[in-house]
Amino acid sequence: MAKYILAIDQGTTGSRAIIYNKKGRKVSSAYQEFPQHFPRPGWVEHDPHDLWNSVNDSIQRALAKAPHASISAIGITNQRETTIMWDRKTGKPAHNAIVWQCRRTQDRCEGLKKRPRMTEFFRKKTGLPIDAYFSATKIEWMLNNVPGLRARAKRGEICFGTADSWILWKLTGGKAHATDYTNASRTMCFNIGEFKWDEEILKKFRIPRQILPEVKKSSGMFGRTVRIGRLQEGIPICALAGDQQAALFAQTCFEPGTMKSTYGTGSFVLMNTGKKRPVSKHGLITTIGCGANAEPVYVLEGSIFTAGAAIQWLRDGLKILKHASESGAMAASVANNAGVYFVPALVGLGAPYWDQKARGAIFGITRGTHASHFVRAALEAICYQTKDVVDAMQKDSKLKIRSLKVDGGAVVNDLLCQFQADILGIDVVRPKVIEITSLGAAYLAGLAVGYWKDTREIKRCWQADRVFVPKMAKKTASSLYAGWLEAVKRTLTV
């Protein structure tokens, strides 16, 4: 019986299970969406049962499509920061999951920022800015607002985890409570200099140490499955990794200075900086990724909150598009943006600006502006935001950036990739496999069981589809980008 790796990609709106072969090619897959809950404006929740059911349903259907497959190992990648707490004995969730997008603790974060030296305190220990995006204040909110939860947590009856920990717990029948360095580094409770939970931070948020999962290297033994439908008992679960770090690994960015950008609902640019921890002075996050031996390495990250979501808004909000796939042709139907700039601060602006109160704005509208200019401005905004982050990375890392690997659903759009290359002035490289996050989890799991010998073998699996070389005159690119910076300046509130 042929042997394969099963990867689970637990995302913000749905879960996917993919079975990969030794060449890193998909054998079968299944996807299941789950409901989103918005109990108040700015609040976002998931029912942990829905989240697990979507994972299990995807696994069962992917296995059904490959009935003769023998699974050698399982890897899990996941939406990061989303916070789940459950009963250690019964597995019953204590509350709905608080999703990374949720802003309910924004005021708490603003209060922390106003206290002397707090911003530097958290940045030094965790590499992160104080923001509701991360898990720490979400944990604190649950402990303060769910009746009896804090007392149960102190008694050791409660587990906390991000989505990876919850799925691991379910797959092992409650036998494993663990996470990996990449996910732990997104909680704002983890000391990335000492590679351990930070007792001083836990004390500030009154988080009992006993609720936290064990933290391990991303590739290695995390537990074994119990029998669940078609999923056999005893399969080793050998990888956990946050979605963006998994994508960085799948793009074979193993050496310092290599980087990728994933274009999805948001956009996330990550650069491997190796063993030396960088200190960002230009609005980036320092976090943890996986090196050539899956060991923890430092990574600079720029999180762009709205990328493909801007196209979705044009489709669902303004009804300019019927389908997002129309955006490329519509944008290409005009020669240029005609001076129109769209700053898509629909949920504030992330890196490098970090302005939670900024709101979306469109500039440069004239009588000659029509719908295609709006669409083109939205696509161009994705590229301008990426340049904001890449420029900040170059300044922080002092490394020469020669090319950018791209992935995610939006990179099927040739216009976007070419414009990205033009604005950056470097090659943009699109791989043959563009939905690459799950592949990173598969590689990390496969390395742990010897399915792939080493990362040199993985590098041979990676193949470029197309390299986009800059074609635009530098003067033109500089002028366009200057227009973007002026539009951002007029949008910022801080």
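A salt bridge is taken here as a side-chain nitrogen of Lys or Arg within 4 Å of a carboxyl oxygen of Asp or Glu. With that rule in hand, the structure, which is a predicted model, yields a count of 25 salt bridges. A good place to start is the pair formed by aspartate 198 and lysine 125, whose closest N and O atoms are 2.9 Å apart. This pair ties together distant parts of the chain, as aspartate 198 sits in the loop between strand 11 (196–197) and helix 8 (199–205), while lysine 125 belongs to helix 3 (residues 118–126), 73 residues apart. Aspartate 198 is buried, with a relative accessible area of 4%. Lysine 125 has a relative accessibility of 15% and therefore also counts as buried, since the cut-off for that label is under 20%.

Other charged pairs can be followed in the same way. Lysine 196 bonds to glutamate 194 through a salt bridge with its closest N and O atoms 3.7 Å apart; lysine 196 is partly exposed, at a relative accessible area of 46%. Arginine 80 and glutamate 81 form a salt bridge as well, with 3.9 Å between the closest N and O atoms, and both of these residues are buried. They also take part in a network of salt bridges that links Arg80, Glu81, Arg186, Asp243 and Glu301.

Turning to the strands, strand 5 (residues 70–78) has eight of its nine residues buried, so the rest of the structure largely encloses it. Strand 5 is joined to strand 1 (residues 3–10) by eight bridges, and the two run parallel; within this pairing, aspartate 9 has threonine 77 as its bridge partner. Strand 5 also runs parallel to strand 14 (residues 236–242), to which it is joined by five bridges. There, isoleucine 74 stands opposite isoleucine 237 of strand 14.

Elsewhere, seven strands form an open sheet with mixed pairing, in the order 17-18-16-15-21-22-23. Its edges are strand 17 (285–290) and strand 23 (464–468), each of which pairs on one side only. On average, neighbouring strands of this sheet are turned by 30° against each other, direction ignored. Towards one edge, strand 22 (residues 427–431) and strand 23 run antiparallel and are joined by four bridges, with arginine 430 partnered by arginine 466 of strand 23. Helix 13 (residues 414–424) lies across strand 15 (259–263), strand 21 (403–407), strand 22 and strand 23, and runs at about 150° to strand 22.

Helix 6 (residues 163–171) offers another enclosed element: eight of its nine residues are buried, so the rest of the structure largely surrounds it. Among the buried residues are Trp166, Ile167, Leu168 and Trp169. After helix 6 comes glycine 173, with a positive phi near 65°.

Loops deserve a look too. Threonine 187 lies in the loop between helix 7 (181–184) and strand 10 (190–191), and is buried, with a relative accessible area of 2%. Leaving aside residues up to four places away in sequence, threonine 187 touches Phe134, Ser135, Ala136, Phe160 and Trp197. By contrast, leucine 346, in the loop between strand 19 (341–343) and strand 20 (361–363), is partly exposed, with a relative accessible area of 32%. Together with Trp313, Leu318 and Val347, Leu346 makes a nonpolar surface patch of about 320 Å².

Note on methods. Residues are numbered from 1 along each chain as its sequence is written. This is a predicted model: local features need pLDDT of at least 70, side-chain atom pairs count only at pLDDT 80 or more; totals for chains, interfaces and linings use all residues. Side-chain values use heavy atoms; hydrogens and water are left out. Two strands pair if DSSP finds at least two bridges between them. Axes are lines fitted to C-alpha atoms, for helices over the stretch in contact, and angles run from 0 to 180 degrees between N-to-C directions. Contact means heavy atoms within 4.5 Å. Patches are made of residues with over 30% relative accessible area and no salt bridge: like charges are joined within 9 Å, nonpolar side chains (Val, Leu, Ile, Met, Phe, Trp, Tyr) within 5 Å. Accessible areas come from the Shrake-Rupley method with a 1.4 Å probe; for residues, only the protein chains shown count as cover. Buried means under 20% relative accessible area, exposed over 50%, partly exposed in between (1.4 Å probe, protein chains only).
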